[in-house]
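Below are some notes for a colleague who is about to work with these coordinates. They are in numbered points and can be read in any order.

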Amino acid sequence: MALVIEKYDASRLESTVSMLAAAFVTNPLHVSALGPHQIEQNRLFFRIGLENMFTGHAFVALADGEVRGYMHFYASPYCLPPPEQIPSAAATMLKPLGAAVPRVVVWFSTWCRLDPKEPHAHLGPIGVSPEAQGQGIGAALMDRYIEHLGQEGIAGYLETDRPGNVEFYKKFDFVVQNEQEVIGVPTWYMWRPARQ
Ligand SMILES: CC(C)(COP(=O)(O)OP(=O)(O)OC[C@H]1O[C@@H](n2cnc3c(N)ncnc32)[C@H](O)[C@@H]1OP(=O)(O)O)[C@@H](O)C(=O)NCCC(=O)NCCS
């Protein structure tokens with residue numbers, strides 16, 4: 001497999017949306033907010049994210065030229081919308097999510113509230129196509145993020161809803177800072193201290 005990590009470009013919107021929807025459709029937060037097996041709702045969710053929200057550093061992993069992974073990170077304090085903007089986001093860009101909007105609003109309001117005040121580069125989302133997982137693509141994307149943290153001398157921060165992912169992030173020197181349920185889903189908040 002020829003693996004290339006390159007900057008995300010909007011010309012890859014649809015392939016990236018499809019890949020992320022497949023990667024996240026069984027994640028507990030997505031099931032709780034969007035429903036089980038809701039691949040189309042997940043596609044909508046990620047299209048809204050890619051077009052409006054993931055405006056920091058974004059990369060794709062291309063395996064033999066096909067999008068098999070995506071990663072986004074953004075420097076605080078603009079990594080998440082201010083809590084006061086969430087109601088208007090719910091009424092506008094999130095509106096296509098229909099009945100899922102109230103749960104998505106609680107989800108993101110909670111993450112905004114818990115976002116650390118200390119400067120950090122906030123990771124998320126990172127996802128790899130189900131059929132390409134376990135082959136080092138996630139690690140290759142993480143290496144690009146860790147390189148950025150080192151260059152900037154800044155801390156890393158992320159949220160995750162899978163215990164297995166906690167182990168994945170520990171490999172990159174993240175530690176669990178906090179654990180709290182969101183929309184009925186256990187969620188881990190992880191931090192990687194700044195270093196040069
Ligand atoms: C989490 C995710 C990005 C990992 O990507 P991946 O390409 O499968 O991971 P890699 O193959 O690069 O694995 C790197 C290392 O982490 C380990 N690892 C990966 N997933 C793991 C898990 N669930 N539990 C324990 N270890 C794990 C691998 O064994 C590997 O270890 P090694 O270096 O000792 O061989 C991918 O599983 C994914 O997209 N999951 C669905 C969406 C998701 O949950 N995204 C994260 C949201 S916070």
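1. End of helix α6. G153 follows α6 and has a positive phi, near 60°. The coordinates are those of a predicted model, and this applies to every point below.

2. Helix α6 itself. The helix covers residues 137-152, 16 residues in total. From its first C-alpha to its last it reaches 23 Å, close to the 22 Å expected at 1.5 Å a residue. Its buried residues are I137, G138, A140, L141, M142, Y145, I146, H148 and L149. As background, an α-helix has 3.6 residues a turn, so residues three or four places apart point the same way. Within the buried set, L141, Y145 and L149 may be read with that in mind.

3. Positive phi outside glycine. Two residues deserve a check here. H37 is not a glycine, yet its phi is positive, about 60°. H37 sits in the loop between α2 (28-34) and α3 (39-53), and it is exposed, with a relative accessible area of 74%. D64 is also a residue other than glycine, with a positive phi near 50°. The loop that holds D64 runs between β2 (57-63) and β3. D64 is exposed too, at a relative accessible area of 55%.

4. The β6 and β7 hairpin. Strand β6 (residues 175-182) and strand β7 (residues 185-192) run antiparallel and are joined by seven bridges. One of the pairings puts N178 opposite Y189, its bridge partner in β7. Two residues lie between the strands of this hairpin, and I183 takes a positive phi near 40°.

5. Cis peptide bonds. The bond from S76 to P77 is cis, with omega near 5°. P77 belongs to the loop between β3 (66-75) and α4. The bond from G124 to P125 is cis as well, and its omega is near -5°. P125 is in a strand, β4 (residues 120-128). Please check that any preparation step keeps both assignments.

6. Cysteines. How many disulfides does the structure hold? The count is zero. The sulfur of C79 has its closest cysteine sulfur in C112, 8.3 Å away, which is too far for a bond; the cut-off for a disulfide is 2.5 Å. Both residues are classed as buried, because the relative accessibility is 12% for C79 and 10% for C112, and buried means under 20%.

7. Internal space. There is one cavity of 30 Å³ or more. The largest cavity holds about 80 Å³ of space. Its lining consists of M53, P81, Q85, I86, A89, M93, L94, V104, V105 and F108. Two elements, α4 (86-91) and α5 (101-114), each give two or more residues to that lining. The largest share, three residues, comes from α5.

8. Character of the lining. Which classes do the residues lining the largest cavity fall into: nonpolar, polar or charged? Nine are nonpolar, one is polar and none is charged. The polar one is Q85, because Gln is not among the residue types counted as nonpolar or charged.

9. Items to look at when opening the file. For backbone geometry, the places to inspect are H37, D64, I183 and G153, together with the cis bonds at S76 to P77 and G124 to P125. For the interior, they are the buried cysteines C79 and C112, and the lining of the largest cavity.

Methods: Residues are numbered from 1 along each chain as its sequence is written. This is a predicted model: local features need pLDDT of at least 70, side-chain atom pairs count only at pLDDT 80 or more; totals for chains, interfaces and linings use all residues. Side-chain values use heavy atoms; hydrogens and water are left out. Two strands pair if DSSP finds at least two bridges between them. Helices (H or I, at least four residues) and strands (E, at least two) are DSSP runs, numbered from the N terminus. On a 1 Å grid over the protein atoms alone, a cavity is a set of points where a 1.4 Å probe fits but cannot get out, and a pocket is an open set with protein on both sides within 12 Å along at least five of seven lines; lining residues have an atom within 4 Å of a point. Grid points are joined across faces, edges and corners, and a volume is the space filled by probe spheres set on the points. The expected span of a helix is 1.5 Å times one less than its number of residues. Buried means under 20% relative accessible area, exposed over 50%, partly exposed in between (1.4 Å probe, protein chains only).
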